[in-house]
Amino acid sequence: MRRWLLYVSLVILPCFVGSAWIVLWQDEQQQQQLLEETRTFANIHKNDLDRFLAETTARLETLAIVMGKHIATLKKEEINDILQQMQKQDVRFERISFVSDMTSSTMYIAKITKQTMIDTHQTTTIVTPIIDEQTNQTAGFLVAKLRTAYMKHRMKIIDPNASFRLYDEHGTLLLATNKRQASQQKVSVHLNHAPWTIEANVPRVNMKQNIQASLPYILSLIVIIPSILFGCSFNIRY
């Protein structure tokens, strides 16, 4: 009985404690890896959406410059025809309109700054001022509503199984890919070309994978501890 208690205290208990520590250590390592992977993909989505917005804005601004050269002679029907053709050819746009008068605070800011703005009240809408080349005054606005389904499609191509959410500056959900995963951690990254935030929950560590990753270390521990004790016992005897 005494030998059994000694064996338990010197071999089984250390193996049990060591195995539990290994499982916890592996859990921490894998959780950190999942965190880094989630952050990496979130930044990939951020860069892709920033590039998407930059390209979209550049196209609208180019069109606004061309229209600004001829705005005095262009009829409203001609402008609408141009915008309809552009809308058909470019899958990024759900709708493009020409607005001659200011109808929002975003248009007022665009007029004052003469810069393209994201409409904070219609979150996926871009407002680009048309500057009359002759007078250097704002002669109207291009108002383009982005196709959120196309943006979501781009995100799913990059990482089909991950769950990402895109919020505007007010915390309104613009789009989401897949169902939200249960998690105690989340990653948030902010876009440069819009006041939007990409958020993703870090998935939990799979316990089965954790045990499988820990098993080689646990087996090594089970072999090493008795070997050390046997070696110490042999030295004491001789």
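Which residue in E8 is the bridge partner of glutamine 185? The residue is valine 202, and strand E8 (residues 197–202) offers a useful point of entry to this structure. The model is a predicted one, in which local features need pLDDT of at least 70 and side-chain atom pairs count only at pLDDT 80 or more, while totals for chains, interfaces and linings use all residues. Residues are numbered from 1 along each chain as its sequence is written, and side-chain values use heavy atoms, with hydrogens and water left out.

Strands (E, at least two residues) and helices (H or I, at least four) are DSSP runs numbered from the N terminus; two strands pair if DSSP finds at least two bridges between them. Strand E7 (residues 185–190) runs antiparallel to E8, and six bridges join the two. Six residues lie between E7 and E8, which form a hairpin. E8 also pairs with strand E5 (residues 164–167), again in the antiparallel sense, over four bridges. Within that pairing, leucine 166 has isoleucine 198 of E8 as its bridge partner.

E8 is mostly covered, six of its six residues being buried. Here, buried means under 20% relative accessible area, exposed means over 50%, and partly exposed lies in between (1.4 Å probe, protein chains only). Ile198, Ala200 and Val202 point one way from the strand, whereas Thr197, Glu199 and Asn201 point the other way. Residues on both sides are buried.

Attention now turns to the nonpolar cores, each a set of buried Ala, Val, Leu, Ile, Met, Phe, Trp, Tyr and Cys residues joined through side-chain atoms within 4.5 Å. The largest of them has 37 residues, and those with the most contacts inside it are Leu146, Met151, Leu166 and Trp196. Helix H1 (residues 2–70) gives the most to this core, contributing nine residues. A second core, separate from the largest, has six residues, including Val99, Ala110, Val127 and Val143.

Two loop residues complete the picture through their backbone angles. Lysine 114 is located in the loop between helix H3 (105–113) and strand E2 (117–118). Its phi is near 60°, a positive value in a residue other than glycine. Lysine 114 counts as partly exposed because its relative accessibility is 37%. Asparagine 136, in the loop between strand E3 (125–131) and strand E4 (138–146), has a positive phi of about 60° although it is not a glycine. With a relative accessible area of 44%, asparagine 136 is therefore partly exposed.
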